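Colleague: I'd like to learn how to read a model like this one. Could you walk me through it, feature by feature?

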Amino acid sequence: MSEEEFLAAYDPRAYDPVAVAIDVVALTIRDGALHVLLVRRGVPPQEGRWALPGGFVQSGARAEL
């Protein structure tokens with residue numbers, strides 16, 4: 001099968017969508033102690049709990065951060 005034939009028959013809906021998540025670990029040393037950046041989750045699950053900043057990238061979005 002040539003590349004042209006493959007592309008002509010290609011249907012992206014035949015494949016499962018891909019989920020992409022971005023999480024950031026930001027570390028610093030302040031007054032001789034290691035610190036990590038955490039945020040409170042604003043949505044379920046675990047709403048209100050501490051977490052690394054980030055999350056799933058929505059379709060068409062550049063990034064959540």
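Modeller: We'll go from the overall outline to the strands, the surface and then a few side chains. Keep in mind that this is a predicted model.

Colleague: Fine, outline to begin with. Which helices and strands are there, and in what pattern along the sequence?

Modeller: The protein chain has one helix and six strands. Walking along the sequence, you meet them in the order α-β-β-β-β-β-β.

Colleague: And how does the radius of gyration of the chain sit against that of a compact globule?

Modeller: The general idea is to set the value beside what a globule of that length would give. For 65 residues a compact globule would come out near 11 Å, but this protein chain has 20 Å. The box around its C-alpha atoms, taken along the principal axes, is roughly 65 × 30 × 15 Å.

Colleague: What percentage of the residues is buried?

Modeller: Just look at the relative accessible area, where buried means under 20%. Of the 65 residues in the protein chain, 5% are buried.

Colleague: On to strands. How do β2 and β3 run, and how many bridges join them?

Modeller: They are antiparallel, with four bridges between them. Follow two of the partners: L27 is matched with V36 in β3, and R30 is matched with A33 in β3.

Colleague: Where does the chain take a positive phi in that hairpin?

Modeller: At D31, with phi near 50°. The hairpin has two residues between β2 and β3.

Colleague: What should I know about side chains when reading strands in general?

Modeller: In a regular strand, side chains alternate between the two faces of the sheet.

Colleague: Now the surface. Which residues form the nonpolar patch?

Modeller: V25, L27, I29, L34, V36, L38, W50 and L52, with about 820 Å² of accessible area together. The elements giving two or more residues to this patch are β2 (27-30) and β3 (33-36).

Colleague: Where does W50 sit, then?

Modeller: In strand β5, which covers residues 50-51. Is W50 buried or exposed? Exposed, because its relative accessibility is 54% and the cut-off for exposed is over 50%.

Colleague: Let's do the aromatics. How many aromatic pairs are there?

Modeller: Two. In one of them, the ring centres of F6 and Y10 are 5.9 Å apart and the planes meet at 40°, so you'd call that pair tilted. The other is Y10 with Y15, and that pair is stacked, with 5.8 Å centre to centre and 25° between the planes.

Colleague: Why is one stacked and the other tilted?

Modeller: It comes down to the angle, because planes under 30 degrees apart count as stacked, over 60 as edge-to-face and the rest as tilted. Together, F6, Y10 and Y15 make one aromatic cluster. F6 is partly exposed at 42% relative accessibility, and Y10 is partly exposed at 41%.

Colleague: Last one: which residues form the salt bridge?

Modeller: The structure holds one salt bridge, and D11 and R13 are the partners. For this kind of contact you check the gap between nitrogen and oxygen, which has to be within 4 Å. Here the closest N and O atoms are 3.1 Å apart.

Colleague: And how accessible are D11 and R13?

Modeller: D11 is partly exposed, with a relative accessible area of 30%, whereas R13 is exposed at 74%.

Conventions: Residues are numbered from 1 along each chain as its sequence is written. This is a predicted model: local features need pLDDT of at least 70, side-chain atom pairs count only at pLDDT 80 or more; totals for chains, interfaces and linings use all residues. Side-chain values use heavy atoms; hydrogens and water are left out. A salt bridge is a side-chain nitrogen of Lys or Arg within 4 Å of a carboxyl oxygen of Asp or Glu. Buried means under 20% relative accessible area, exposed over 50%, partly exposed in between (1.4 Å probe, protein chains only). Patches are made of residues with over 30% relative accessible area and no salt bridge: like charges are joined within 9 Å, nonpolar side chains (Val, Leu, Ile, Met, Phe, Trp, Tyr) within 5 Å. Accessible areas come from the Shrake-Rupley method with a 1.4 Å probe; for residues, only the protein chains shown count as cover. Rings of Phe, Tyr and Trp (its six-membered ring) pair if their centres lie within 6.5 Å; planes under 30 degrees apart count as stacked, over 60 as edge-to-face and the rest as tilted. Two strands pair if DSSP finds at least two bridges between them. The radius of gyration is taken over C-alpha atoms; the globule rule is 2.2 Å times the number of residues to the power 0.38.
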